[in-house]
Every structure is written in C-alpha cells, then in structure tokens.
There are 2 protein chains.
Amino acid sequence: MESMPKISESEWEIMKIVWKENPLTAEQIVQYLPADTDWSDQTVRTFINRLMKKKALGYQKSGRSYQYYPLISEKECVRAESKSFLNRVFNGAAGLMMTNFLEETQLSDKEIERLQQILMEKQSQDSKDSPQS
Amino acid sequence: MESMPKISESEWEIMKIVWKENPLTAEQIVQYLPADTDWSDQTVRTFINRLMKKKALGYQKSGRSYQYYPLISEKECVRAESKSFLNRVFNGAAGLMMTNFLEETQLSDKEIERLQQILMEKQSQDSKDSPQS
DNA sequence: AAGACACAATTACAGTTGTAATAGTTTGAT
DNA sequence: ATCAAACTATTACAACTGTAATTGTGTCTT
C-alpha cells in the first residue's frame, strides 16, 4: 500500500465508480458517472490514465478495449483523505471535528440512533482498552 | 461572503493562525507556525500574498510593516471545506461519514459523553423540527 | 544625503489538475 | 490487403501549488 498516491477531486469520481464495481471499461465508467458530470470522453480517459500512472488503477485487456480495476483500497484512501482533512481543517482534533459536524448536520432519527449505538459500544470497548484515568 | 475562495493546504496553515489571533505581522505568522513547518520566510510571504489576492486576508499598515487579518470567516471556510470533503469522499452522506469516523477514531470518555450529549439534544430538537415519519 | 536594513512586490519554475484535441494502433468488415 | 471504427497514448495548455530567489522601496543610522 506504499504511501497512497494523492487522488485529486476528479480522480475520486473515477475511483468511487471502480470501487463499487469492477472491472469496468472506460465506456462503462463514463456511463456510471453522475448525470450532472459533463466531462468529455477524452477527459475521463485522461483521468483514467493518470490513475494508472499513479498505480491506483490496473487494467486487463478484454477484446478490443481495456477493463480497469482498483489497485488501492477504498478504505485506505478514505482513511488517508480523512486524515488529511482532519489535520488541515481541525488540526487533527477528531472530537472537535465530530461535534462540529454533528451540530451542523441534519440527521435522521435512524442515523442518530445508529450513532448512539456506536458510541455506546465504543464506551465499553474503550474502557477495556485503556482503563480510565 | 461571495462563494469562498479556494484555500490550499499550505494556505490553511496561515489562515488558522490568523483566525486564532489577529492582526499579525508576517513575522509573527512565521513564528506561530507549527514547529515542524520548515518554510522559508519568502515562502510564507508568498502564501500571504496569494491569500490577499484571493481576498482571504486584508492588511493594515503598522509602522514599517503590514499587519494581516482575515477577511473570510473560519466558520464559513470550515463549512465549505467539510462539504467538499463530504462530497468527494462520501458522496455527501454525512451519516455514513460519521459512523465511519466514529469507528476509526480513538476518543476519550469525555469526548464520547460530549457527543452523546449532542446527539440527545439533536434528537429532541429534530423531533420538533420534522415530526418523525 | 548615502548606505544599509527590513519589508513588500515581482518573478521563477516545476509539478498537479482540469479540460481536452490530436495522433497512433488494433481489429472487424469488405 | 485496405479502410474505417474504436480504442489507447501522446501532447497541449492554462490555472493553481509548493517552494523560493530576486528586485524594489521606505526608513533608520551615521
């Protein structure tokens, strides 16, 4: 996993598609792009190529064209990007970040319960992990 | 607030300092940079200048040098950056993002309680706002 | 008034990104 | 075998970034 290549904003769009389903041809990737994305085919292919240069995508020949698949895991990328965001914006203070998000975000009851659930689990977990000061 | 200028990673470092305390001279900004930042003075001044071009910083003369102060609010910038991050990485799904963060992050008991607190408040708040389906 | 010092302003330069256009190559059809 | 279609690969180009060096200017010192 060798120190995650930097994935740009546009490249993320490609990766998200290929993570969800793969392998995919360039044409399929174009089709799966959000409807409001109006990149030309060439633009998409440029992004794909850059991702290959960055070793984020691999390919296999399939008839006349290539099929692309991810070489880096979504989890790793999400983790790296999250860390970068956290440091840039909140100086790494995860607690602050979360209170901030909670306060600013509209959540459904279901989501709130889910979060509470996780917090409770975390509470017992943590008190096992690191006996309270 | 006119559609927030894009603040780059390095520029964020400058802005965070100036948001915390201002107005500050370039020299002071250099001093307040995290110890592990080894930018030359010139580099810092370049960032300051770019931020002025972007209308993110303003200045006032003070004797021989300038004192800089923010022209855009931290809250707005944090909000914009958070939104961008959320869309890029989680397709805008705030709930997913938060569960993910909660699961990946080590939190102190105090922080956990604080978050639970907020969630409970949010719960009653929301049930007033949008009567549950 | 001249020179030095301390800032600010301008210029530099390579790498990344967004956005393609154009050139090259393989393959299926005739 | 040749042409066209369909892909891939190469090239383009400006804006933004990271990282400064160099130049210009106002002020303090002597």
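**Protein surface at DNA strand C and chain symmetry**

Of the atoms of DNA strand C within 4 Å of the protein, sugar or phosphate accounts for 55%, and bases make up the rest. The model is predicted: local features need pLDDT of at least 70, side-chain atom pairs count only at pLDDT 80 or more, and totals for chains, interfaces and linings use all residues. Residues are numbered from 1 along each chain as its sequence is written, chains are lettered from A and ligands numbered from 1 in the order in which they are written, and side-chain values use heavy atoms, with hydrogens and water left out.

A residue counts as near the strand if one of its heavy atoms lies within 4 Å of it. There are 19 residues around DNA strand C, and A:Ser8, A:Thr46, A:Arg50, A:Lys54 and B:Arg45 come nearest. Helix 3 of chain A gives the largest share of this surface, 5 residues.

Polar contacts (pairs of N or O atoms within 3.5 Å) reach both backbone and bases. An N or O atom in the side chain of A:Trp39 lies 3.3 Å from a phosphate oxygen of DNA strand C. For the side chain of A:Gln42, the partner is a base oxygen, at 3.4 Å. For the side chain of B:Gln42, the partner is a base nitrogen, at 3.2 Å.

Chain A superposes on chain B by a rotation of 180° with 0.0 Å of shift along its axis (RMSD 0.0 Å). The two copies are thus related as by a two-fold rotation axis. The fit is by least squares on the C-alpha atoms of residues with pLDDT of at least 70 in both copies. Within chain A, A:Gln116 comes closest to the rotation axis, its C-alpha at 3.2 Å.

Note on methods. A polar contact is a pair of N or O atoms within 3.5 Å; within protein, one must be able to donate a hydrogen and the other to accept it, and residues adjacent in sequence count only if both atoms are side-chain atoms. Helices (H or I, at least four residues) and strands (E, at least two) are DSSP runs, numbered from the N terminus.
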